[in-house]
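Colleague: Please give me a close look at one part of this model. I would like to know how the pieces pack against one another, and which side chains do the packing.

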Amino acid sequence: MLLGLLAGFLASSLGWQINLIVIQRGLHRGRIAAFSVGCGAVVADMVFLAIGFTGTRPLLNHPEWWGIIRWVGITVLLVIAARTFFIHSRSPRKAIEVTKRNPTKNFLVGFLVVATNPAVFLMWVGILSLIRANFGQAGSIMFRDRFLSGFLFGAMAWFAPFTLIFLKKLRKWTEDNHPFISKLSAVTLVLVAIFLMICERF
């Protein structure tokens, strides 16, 4: 379980792409929306981990699927970037916040951003292969359940204080610079999408 805690915390804290979206959503839609995005990302990671523990051969034997999934992920990033640039970059008082309190939609954003990134899946496959090579009990159901439970708690140990405490202070500090920060976030997401188009091939 301790190994899962460490993996969950590090994966969440070092996932700059999803954290960037969390910050953007938190500044525009509030802390609950930001937390929902983080939860969606964690669930996607846990789905990849569950697949990795049970067997990845069916997915690895069909690399053509990943090309389709990759383009879905690129589209999701570009849509988020466009909304951030043209809508969320307005000042908070002028922004349209019809879906502000829609945790399901924000959860789905976090889930799709991670679930449609084949690089994340392959990363977890590599990590789980390393774990299996060094821990003899890694193939047991008990180990899997403890690892996934620890991963969940480790991820929440990052996203809970990050969204519910840090973002509250950040939102006050960046209130006057909100439009600029939103536009910067949008440009960064576009650059990530371009990187996925050019550099990642599966």
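Modeller: A contact here means heavy atoms within 4.5 Å. Count the contacts in the chain between residues at least 6 apart in sequence: 87% of them join residues at least 24 apart. Keep in mind that this is a predicted model. The mean pLDDT of the chain is 76, and 69% of the residues reach 70 or more. One stretch needs caution. Over residues 92–99, pLDDT stays under 50, and the model has 12 contacts for them beyond four places in sequence.

Now the overall make-up. The chain has nine helices and zero strands. Read from the N terminus, the order is α-α-α-α-α-α-α-α-α. Of the 202 residues, 43% are buried.

The part to look at is helix α3. Two helices that pack are described by the angle between their axes and the distance between the axes. Take helix α6 (residues 103–115) as partner. Its axis and that of α3 come within 7 Å and cross at roughly 40 degrees. Angles under 35 degrees would count as roughly parallel; α3 and α6 are therefore oblique to each other. The crossing of α3 past α6 is right-handed. On the α3 side, the contact includes Ala 33, Ser 36, Gly 40, Ala 44 and Phe 48. On the α6 side, it includes Pro 103, Phe 107, Gly 110, Phe 111 and Val 114.

Next comes helix α7 (residues 118–134). α3 and α7 pack at an angle of about 45 degrees, and their axes are 9 Å apart. This pair, too, is therefore oblique. Again α3 makes a right-handed crossing, this time past α7. From α3, the residues in contact are Asp 45, Phe 48, Leu 49, Ile 51, Gly 52 and Phe 53. From α7, they are Val 120, Phe 121, Trp 124, Leu 128 and Arg 132. Asp 45 and Phe 48 of α3 serve both the α6 contact and the α7 contact.

Now follow the rings. The model holds seven aromatic pairs. One of them joins Phe 53 to Phe 143, edge-to-face, at 6.3 Å centre to centre and 65 degrees between the planes. Phe 53 sits in α3 (residues 31–54) and Phe 143 in helix α8 (residues 141–173), so the pair links parts of the chain 90 residues apart. Both Phe 53 and Phe 143 are buried. Phe 53 thus has two roles here: it belongs to the α7 contact and pairs with a ring of α8.

Stay with α8. Trp 158 and Phe 162 form a stacked pair, 5.0 Å centre to centre, with 20 degrees between the planes. They lie four residues apart in α8, about one turn of the helix. Their exposure is not alike. Under 20% relative accessible area counts as buried. Phe 162, at 10%, is therefore buried. Trp 158 has 21%, so Trp 158 is partly exposed. Phe 9 and Phe 166 join Trp 158 and Phe 162 in one aromatic cluster.

One more long-range link is worth finding on the model. Ile 80 lies in helix α5 (residues 63–88). With a relative accessible area of 4%, Ile 80 is buried, because it falls under the same 20% cut-off. Ile 80 and Val 190 are 110 residues apart in sequence, yet 9.1 Å apart in space, C-alpha to C-alpha.

Technical notes: Residues are numbered from 1 along each chain as its sequence is written. This is a predicted model: local features need pLDDT of at least 70, side-chain atom pairs count only at pLDDT 80 or more; totals for chains, interfaces and linings use all residues. Side-chain values use heavy atoms; hydrogens and water are left out. pLDDT is the predictor's confidence in each residue, from 0 to 100. Rings of Phe, Tyr and Trp (its six-membered ring) pair if their centres lie within 6.5 Å; planes under 30 degrees apart count as stacked, over 60 as edge-to-face and the rest as tilted. Buried means under 20% relative accessible area, exposed over 50%, partly exposed in between (1.4 Å probe, protein chains only). Axes are lines fitted to C-alpha atoms, for helices over the stretch in contact, and angles run from 0 to 180 degrees between N-to-C directions. Angles under 35 degrees count as roughly parallel, over 145 as roughly antiparallel, 65 to 115 as roughly perpendicular and the rest as oblique. A crossing is left-handed if the near helix is turned anticlockwise from the far one by less than a right angle, and right-handed if clockwise.
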